[in-house]
Amino acid sequence: MKKSLASRTLLTLVAAACLITTAPIQAQVNLPALGDSVSQDLDVGAERRLGDQVMRQIRIDPDYVQDPLLQEYLESIWDPLVKAARKLGQIGDETQARFAWEPFLVRDRSVNAFALPGGFVGTHLGLIQMTVSRDELASVLAHELSHITQRHIARRIAGDSKNSMVAIAGLLLGVLAASRGNIDMAQAGIVGGQAAATQLSLNFSRDMEREADRVGFNVMTEAGFAPSGMVSMFERMEQAYHLMDNGAYPYLRSHPLTSERIGDARTKLALLPFERPRGLAEHALMAARSRVLMDPRVDAWKVLENYDAGARNIKESGGYEQLGARYAAALASIKLRNFDRAEATLRSAEVTLHLIKPSPTETAAATRQLTYLRAELAEARGRPLDGIAALDSLQGERSRPMLMQRVALALASGPASTSAPALREAADALQTHVSLEPHDALAWHELSLVWEKLGQPLRAVRAQAETRAAAGDLNGAIDRLRSGLRQSRGPDADQVEASVIDARLRTLVYERQSILGEMFRGRYIPPDVELPN
């Protein structure tokens, strides 16, 4: 059985915690609550390094989702929460500068979200698809953000890891052995470290959960989200969990709901003026997109292709359920390459939005998402001009989803002999983007495809290497750059590009050695673990 990304992350986190918690102890910033004694053992810099180690594994995992539209939507909720926490004094100057404050998406049907050391928060697509408003999603993100701002993760790791260093060391040896193909040794080490993995689970204490509720409630309110979102999310998860406890709600095992937590949220809500949820139309579309992308099996898409048939009508549901169902059905049809059906269902979704008549702002946001779906359909059908026309209707929008969709349309424009101008324009736009956002792995990947289609093999190889470097796969990046150097020995090779590859290779080798040097400096290295050249 395939392990979930969260399970694989836990094993990586245990191993990384062993390395971090044996490092020299440094000074710690003041914490806003729960006392400071435990947090002295893991400072801000050490926690960020621990988070970076875990994220290097997550970013190369197949379940790590790189969907520009969903990522943009997630960040549109996350960023106001971080700003609000900063305004409320929950994020100090050092933490603001050192932590990543980065949300990411996980392809998983289960309802879950989790905070990692250093300011990273993972959100399962299954969580997004079960929410009915951005306020509900914001309540979960605010809760996870509060675990970070209150340094709950550092306290949990530092406190637990001290009591199980021998077990964690055994697990670390297993992880190292597995990375070198020694399966027998890996299994022995991991079995020996199971107790440590249990102790280092990211379940928080009841006091920490209550504090994250309290702080998160204030943060989401300050950020402008309806506080009713926290109460409705609690009630929705509790009801669904009791109706079908089939393992689909791991969030409630790591964040158990109690009558006390729900009662506290209701009491806080009663003291505030009632606010109607906003952005329901766009959220319905993004929840529907999550529903399609969280399960890439053909059988699942075939079910979703008829999803709108089972949705309640507009009068019963206010139209938002029908709108989301038709978006999901259209996207599933695109994935199944049933283009005529996708076109018909997309038109139905556009009509549904017109019948709902949300506010002008909400209508514009939902129309934008439907426009991107139309461009996606045109790309899949091999009709790039139709997709470009759809995007042009957004009147000069400049965003990452716009860039990625235009690049995809350029790549779908036929052979390079006829699409060279569009491809060169795409290459220029991507090159500008990655110069500003060098850690955007998806942009580097698209750039590699563009250079390959334009007949620029060295540039394509370098972009492939940067794709892997941005994802944290330094070994893969170094291998690709070395391959590029070998190709550059040909008589017609671009020597300027070859010199760029050579310089970049030296930089990444040095970076890899620095990381390993930091991990193993002053510590015992098993004799069968080799440091790379």
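**Exercise 1. Getting to know the chain**

Work out what share of the contacts with a separation of 6 or more comes from residues 24 or more positions apart.

Solution. Residues 24 or more positions apart supply 70% of those contacts in the chain, where a contact means heavy atoms within 4.5 Å. Next, look at the make-up: the secondary structure comes to 27 helices and four strands. Helices (H or I, at least four residues) and strands (E, at least two) are DSSP runs, numbered from the N terminus. Of the 533 residues, 52% count as buried; buried means under 20% relative accessible area, exposed over 50% and partly exposed in between, with a 1.4 Å probe and protein chains only.

A word on the ground rules: this is a predicted model, in which local features need pLDDT of at least 70 and side-chain atom pairs count only at pLDDT 80 or more, while totals for chains, interfaces and linings use all residues. Residues are numbered from 1 along each chain as its sequence is written, and side-chain values use heavy atoms, with hydrogens and water left out.

**Exercise 2. How confident is the model?**

Find the helices where confidence is lowest and highest.

Solution. Start with the average: the chain has a pLDDT of 82, and 78% of the residues score at least 70. This score is the predictor's confidence in each residue, from 0 to 100. Then go to the extremes: helix H10 (residues 194-199) is lowest, with a mean of 39, and helix H3 (residues 68-87) is highest, at 98. Finally, check residues 14-39, where pLDDT stays under 50 and the model has 69 contacts beyond four places in sequence. Residues 522-533 are also below 50, with 21 contacts beyond near neighbours in sequence.

**Exercise 3. Strand E4 and its partners**

Describe how strand E4 (residues 120-124) is covered and which strands pair with E4.

Solution. First the cover: five of the five residues of E4 are buried. Now sort them by direction: Phe120, Gly122 and His124 point one way, and Val121 and Thr123 the other. In a regular strand the side chains alternate between the two faces of the sheet.

Then take the partners, remembering that two strands pair if DSSP finds at least two bridges between them. Strand E2 (residues 102-106) runs parallel to E4 over five bridges, and Pro103 has Val121 as its bridge partner in E4. Strand E3 (residues 113-116) runs antiparallel to E4, with four bridges; here Ala113 is matched with Thr123. Last, look at the hairpin of E3 and E4: three residues lie between the strands, and Gly118 takes a positive phi near 85 degrees.

**Exercise 4. Aromatic pairs**

Classify the pair of Phe99 and Trp101, then that of Phe104 and Phe114.

Solution. The structure holds three aromatic pairs. Rings of Phe, Tyr and Trp (its six-membered ring) pair if their centres lie within 6.5 Å; planes under 30 degrees apart count as stacked, over 60 as edge-to-face and the rest as tilted. For Phe99 and Trp101, the centres are 5.7 Å apart and the planes make 50 degrees, a tilted pair. Both Phe99 and Trp101 are buried.

For Phe104 and Phe114, the centres are 5.9 Å apart and the planes stand at 75 degrees, so this pair is edge-to-face. Phe104 lies in strand E2 and Phe114 in strand E3, so the pair ties together parts ten residues apart in sequence. Phe104 counts as buried because its relative accessibility is 0%, and Phe114 does at 10%. To finish, add Tyr64: with Phe104 and Phe114 it forms one aromatic cluster.
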